[in-house]
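Q: I'm new to this one and would like a close look at a single part of it. Could you walk me through how a pair of helices packs together?

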Amino acid sequence: MMTYIIRRLLYAIPILIGVNLITFVLFFTVNTPDDMARMHLGMKRVTPEAIEKWKSERHYDKPLVYNNSVHGFAKLTDTIFAEKSLALFAFRFGSSDNGRDIGHDIRQRMWPSLAIAVPVLIMGMLLYITLSLLLVFFRATYVDTWGVVLAVMMMSISSMFYIIGGQFLIGKFLHLVPISGFDTEDAWKFLVLPVIIGVVGGIGGTTRFYRTLFLEEIHRDYVRSARAKGLSEMRVMFVHVLKNAMIPILTGVVAALPLLFMGSLVSESFFGIPGLGSYTIDAINSQDFAIVRAMVFLGSVLYIIGLILTDISYTIVDPRVRLQ
Amino acid sequence: MMPELLFLWTDLLLWLLVMLTLLFIRYAGKRRHLREPWQRVFRSGMAVGAAVVLGVFILIGLLDSIHFRSGDDATNPGEVLSLFDTMVTPLREQQEKSYSAPFATTLYAREMVMQEDGGTERIYPQLKYGGAHLTDLGEKRWDILLTTAIGVAQAIVLWLLVAGLLGLWRRSKPSPSSPRERVRVRGEFAAHWLSVLRRSSDNTNRFPWHVLAWMLLILFMLILVSANLSLKYHILGTDKVGEDVFYQALKSIRTGLVLGTLTTLVMLPAAILMGVMAGYFRGWVDDVIQYLYTTLNSIPGVLLIAASVLMLQVYMDNNAADFSSTIERADMRLLFLCIILGVTSWTGLCRMLRGEALKIRELDYVQASQAFGVSSFRIMMRHLVPNVMHIVLITVVLDFSGLVLAEAVLAYINIGVDPSTNSWGNMINSARLEMAREPIVWWSLSAAFVFMFALVLAANLFSDVVRDAFDPRLRGKG
């Protein structure tokens with residue numbers, strides 16, 4: 001087991017190097033730092049001196065991969081690639097293009113993101129599993145048919161409409177909670193709406209997906225023997241079938257766990273929650289490439305952690321799976 | 001003089017896709033194993049209903065994909081218009097000054113207007129086009145009712161014609177299964193006019209003509225009523241700069257279709273080739289390809305798209321001279337968005353194909369071909385690729401609705417299609433701010449919602465049936 005985890009961790013290194021190279025190529029060679037400076041300072045009427053100043057303030061004035069002006073090992077380390085890209089491996093994110101410390105921002109903004117993502121995940125799981133089990137319980141009846149139709153309809157609504165609609169209905173029309181904003185004092189007030197909308201937005205797709213998982217289990221032999229023993233259908237469903245169908249559900253959730261840190265892009269910025277999602281969006285909108293680069297790397301690390309956790313959780317919940 | 005045709009990249013690719021689809025239909029029609037799943041699809045009433053709706057969307061999208069310059073000669077190039085634009089010229093040209101509600105005859109906000117006696121007064125100014133034909137505003141309700149009635153009447157006449165002809169055509173086709181019926185049918189044309197509406201007695205094995213007929217009736221009514229009404233009113237209101245929202249929503253169809261289809265089209269060759277190669281060759285080829293897609297997959301999709309689009313913007317700003325018109329620039333961005341969305345979404349398909357290829361390569365007929373010394377390339381082309389096509393098809397159909405929905409999110413983050421391109425995402429994005437207005441402007445958002453919902457729902461329902469028909473695991477389970 002231990003060797004497996006270590007091997008997986010080692011396997012993650014080339015992937016992260018790949019991610020690093022891709023971001024480097026995208027951010028520094030497709031468009032040079034000169035282009036970036038020009039974009040930030042405005043396209044027209046920009047002097048070469050202003051560009052140089054902008055670059056040197058942000059340490060973008062070094063050669064890309066090979067520095068001929070210094071001696072020794074510094075030829076490789078005193079470059080943009082080493083300082084901006086390789087430094088990410090040590091989680092040194094550096095400072096954003098407007099001078100703030102990215103690492104500090106991330107540590108601070110992580111918590112509001114989690115405050116939304118974790119309740120959405122837990123409440124969502126409970127709700128989706130209950131709903132899908134009910135659909136399976138009423139399978140081949142009108143409840144099931146119309147439930148599925150409703151789920152498909154809910155799936156067909158863009159997440160934007162859930163957010164805008166929910167904000168309008170609950171916040172503006174019923175005046176129950178504030179429309180947007182965040183405050184550490186009365187945090188729950190600001191979190192209720194995004195959490196509800198996050199849960200409701202997932203009902204359609206996830207319930208339908210879980211329903212198919214449960215339906216696959218329902219024809220298995222152990223279900224038949226449980227019924228033959230005289231167990232009530234309720235007990236069969238909520239104990240036997242649920243337990244076995246939880247394997248794919250749980251592992252799917254585990255894969256998504258680390259990414260919870262990243263927060264939800266759209267809903268955070270809509271509700272003005274100062275989490276990592278809105279951080280990313282703000283960075284994209286203000287074209288702050290330093291932050292985008294940091295978030296790309298962070299996202300990849302978390303994704304890979306999720307992959308490893310998934311494999312490990314398989315062995316824990318399903319003893320038939322052996323890792324070599 | 002003939003207007004000068006203008007081929008945009010997305011136009012060409014869209015028409016290429018149409019050609020490929022037609023070729024595939026011809027190809028599949030001759031082969032029983034390909035024909036049967038499709039026949040199963042089209043025996044489902046739901047699929048036929050969804051297909052009719054999709055068909056209307058596709059028709060509008062394709063009409064909107066034939067572009068030309070409206071000008072007469074080189075000195076006066078004119079605007080770039082599409083065939084669809086010329087069909088809805090009144091909608092396009094009837095621009096108001098600012099917001100107006102659906103069916104309104106005045107603007108939505110009061111304005112200062114100079115009176116004849118020199119004083120000013122705050123009133124709701126009359127619209128230039130919406131309801132301008134009315135002499136008495138009190139007649140508006142009757143006028144709307146009358147116009148609707150005319151539309152309904154036209155729809156019914158058209159439908160009687162189409163559905164009737166369908167019925168005649170269907171009945172006059174000799175059906176070998178029931179020779180007795182055929183005898184009875186002859187000479188009773190009148191009785192079969194509209195016979196399509198009757199459910200056939202064995203509705204399990206037949207094309208659901210009645211669904212088609214009813215769907216056509218509903219669609220004819222919607223189209224003709226809205227066509228009649230939109231000549232006189234702005235049936236979905238106007239936006240901030242006074243453009244008709246109905247027109248915007250219709251124009252957005254093309255953007256949605258392009259993103260939903262071209263994205264998969266551009267990623268398919270790479271996904272199929274790499275997936276099949278990884279599964280067939282195994283060894284280091286497999287390692288490299290797996291490494292490639294795990295790496296790409298581990299980058300958060302939105303961020304990769306954002307990074308690429310930001311880079312594209314910088315590139316376009318630096319090379320502004322390469323793009324002669326805004327429409328070409330916008331089109332380039334749309335195409336680029338398709339490509340980059342394809343890069344982020346081919347990995348799932350590639351992984352599935354690899355798994356399937358791993359299984360198929362162990363089958364006897366592949367082993368036999370290898371023993372005969374058939375080249376690897378030929379084996380992959382003749383044996384592997386055709387046998388994984390059902391997975392490709394299912395993925396293409398399933399991905400479509402997700403891509404249409406993704407466009408709205410991307411537009412919100414400002415990394416979607418060009419702001420000058422009509423798209424539902426852009427409509428929602430601008431309507432977002434309008435919701436905060438007092439009184440609120442709700443029609444842009446609602447229009448985008450209805451159109452998007454209709455397209456995505458139809459696509460979802462259709463893809464469900466397609467998946468059930470093509471997925472071998474589900475075959476035979478009813």
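At what angle do helix H1 (residues 2–29) of chain A and helix H14 (residues 289–317) of chain A pack, and how far apart are their axes?

A: Sure, and keep in mind that this is a predicted model. Two packed helices are described by the angle between their axes and the distance between the axes. For H1(A) and H14(A), the angle is about 155° and the axes are 10 Å apart. Angles over 145 degrees count as roughly antiparallel, so H1(A) and H14(A) are roughly antiparallel to each other. Their crossing is right-handed.

Now for the residues that meet there. On the H1(A) side you'll find A:Ile5, A:Arg8, A:Ala12, A:Ile15, A:Leu16, A:Val19, A:Asn20, A:Thr23 and A:Phe27. Facing them from H14(A) are A:Phe289, A:Arg293, A:Val296, A:Phe297, A:Ser300, A:Val301, A:Ile304, A:Ile308, A:Asp311 and A:Ile312. Sorted by class, the contact of H1(A) with H14(A) has 13 nonpolar, three polar and three charged residues.

It helps to step back and see the chain this pair belongs to. Chain A has 14 helices and zero strands, so its pattern along the sequence is simply α repeated, from one end to the other. Its radius of gyration is 25 Å, well over the 20 Å that the globule rule gives for 324 residues, so chain A is more spread out than a compact globule. Along the principal axes, its C-alpha atoms fill a box of roughly 85 × 55 × 35 Å. Of the 324 residues, 35% count as buried. If you take the contacts in chain A with a separation of 6 or more, 66% of them join residues 24 or more positions apart.

Chain A also touches chain B, in a contact that takes 38 residues from chain A and 36 residues from chain B. On the chain B side, H12(B) gives the most, with 11 residues. The residues of that side divide into 26 nonpolar, eight polar and two charged.

For a second helix pair to hold beside the first, try helix H2 (residues 32–41) of chain B and H17(B), which pack at an angle of about 140° with their axes 9 Å apart. H2(B) and H17(B) are therefore oblique to each other, and their crossing is right-handed. Here B:Pro37, B:Arg40 and B:Val41 of H2(B) make the contact with B:Val465, B:Val466, B:Ala469 and B:Phe470 of H17(B). By class, that comes to six nonpolar, no polar and one charged residues.

How values were computed. Residues numbered from 1 in each chain as written. Chains lettered and ligands numbered in written order. Predicted model: local features only at pLDDT ≥ 70, side-chain atom pairs only at ≥ 80, totals over all residues. Helix = DSSP H or I, 4+ residues; strand = E, 2+ residues; numbered from the N terminus. Rg over C-alpha atoms; globule rule 2.2 N^0.38 Å. Buried ≥ 20, exposed ≤ 12 C-beta atoms within 10 Å, placed from the backbone. Contact = placed C-beta atoms within 7 Å. Nonpolar A, V, L, I, M, F, W, Y, C, P; charged D, E, K, R; others polar. Axes fitted to C-alpha atoms, helices over the stretch in contact; angles between N-to-C directions. Parallel < 35°, antiparallel > 145°, perpendicular 65-115°, else oblique. Left-handed = near helix turned anticlockwise from the far one by under 90°.
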